[in-house]
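Please work through the following exercises on a protein chain with its ligand. Each task is followed by a solution in steps.

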Amino acid sequence: MGMPGVGKGTQASRLRDRAGVLHLSTGDILRDAVQAGTALGRKVKDFMESGALVPDDLIGDVIGERLGREDARAGFILDGFPRTVDQVSILDRVLKRLDTELDGVYLLGAPEAEIVRRLSGRRVCPNSTCGEVYHLDSHPPRSAGVCDNCSSALVQRPDDTEDVIRERLKVYRDQTLPIARIYGERGMLVEVEATGDPDTVFARLESRMVKSS
Ligand code: AMP
């Protein structure tokens, strides 16, 4: 967990490559649904574009279904879920049903000014089989506006504009931060400083994971 733009997706996909387990990002699942125009996508589009959270019951259904599939048996990394106190209870129920539990909860932290800079410069590859993430300053594509891997035209996420970023940060403080306390009280929370480049953050994260396991 961590503020929008702190690097959860980047770190989770590195961890997936290292640990060989499923990476489940609720944000990615919902964006794919919006792009594909499914019933779920139509229900969540307006919430997402305004920076609000999608209703808990919709997310609960998505997670319950996804974690029940065969490919989640060997383990999974949750990215962007749970995000409200009620989602913690939803996750507890799903894990109980699947007879499994979390090994740890990792809270990535960085100053808010750094977050706004990162998000407003973020550009993403819209091709769902690629999804490479760039940054105009720190990780620009070789050719402006074009994905290095698949040559798709890069886009700015509609919720990465400055007003929506401020709203997402407020939502994070009000609705998501309280769950850090819950996992802290359960003795599961590990705080990791997420400033610096992705390699540095990954090294920090891994060293904390070794210690916490
Ligand atoms: P993210 O890519 O994690 O920043 O998520 C993008 C957007 O998807 C959020 O601003 C929410 O609108 C929605 N979303 C993602 N995960 C959740 C969640 N666990 N609960 C509610 N809304 C979510």
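**Exercise 1.** Determine which residue's side chain forms a polar contact with the side chain of Gln 87.

Solution. The side chains of Gln 87 and Asp 56 are joined by a polar contact of 2.8 Å. Such a contact is a pair of N or O atoms within 3.5 Å; within protein, one must be able to donate a hydrogen and the other to accept it, and residues adjacent in sequence count only if both atoms are side-chain atoms. This is a predicted model, in which local features need pLDDT (the predictor's confidence in each residue, from 0 to 100) of at least 70, side-chain atom pairs count only at pLDDT 80 or more, and totals for chains, interfaces and linings use all residues. Residues are numbered from 1 along each chain as its sequence is written, and side-chain values use heavy atoms, with hydrogens and water left out.

**Exercise 2.** State whether Gln 87 is buried or exposed.

Solution. Gln 87 counts as buried because its relative accessibility is 3%, the class being under 20% relative accessible area, against over 50% for exposed and partly exposed in between (1.4 Å probe, protein chains only). Gln 87 belongs to helix α5.

**Exercise 3.** Identify the polar atoms that face the ligand at Thr 26, Gly 80 and Arg 83.

Solution. First, a polar side-chain atom of Thr 26 lies 2.8 Å from a ligand nitrogen atom. Next, a polar backbone atom of Gly 80 is 2.9 Å from a nitrogen atom of the ligand. Finally, a side-chain N or O atom of Arg 83 is 2.9 Å from an oxygen atom of the ligand.

Conventions. Helix = DSSP H or I, 4+ residues; strand = E, 2+ residues; numbered from the N terminus.
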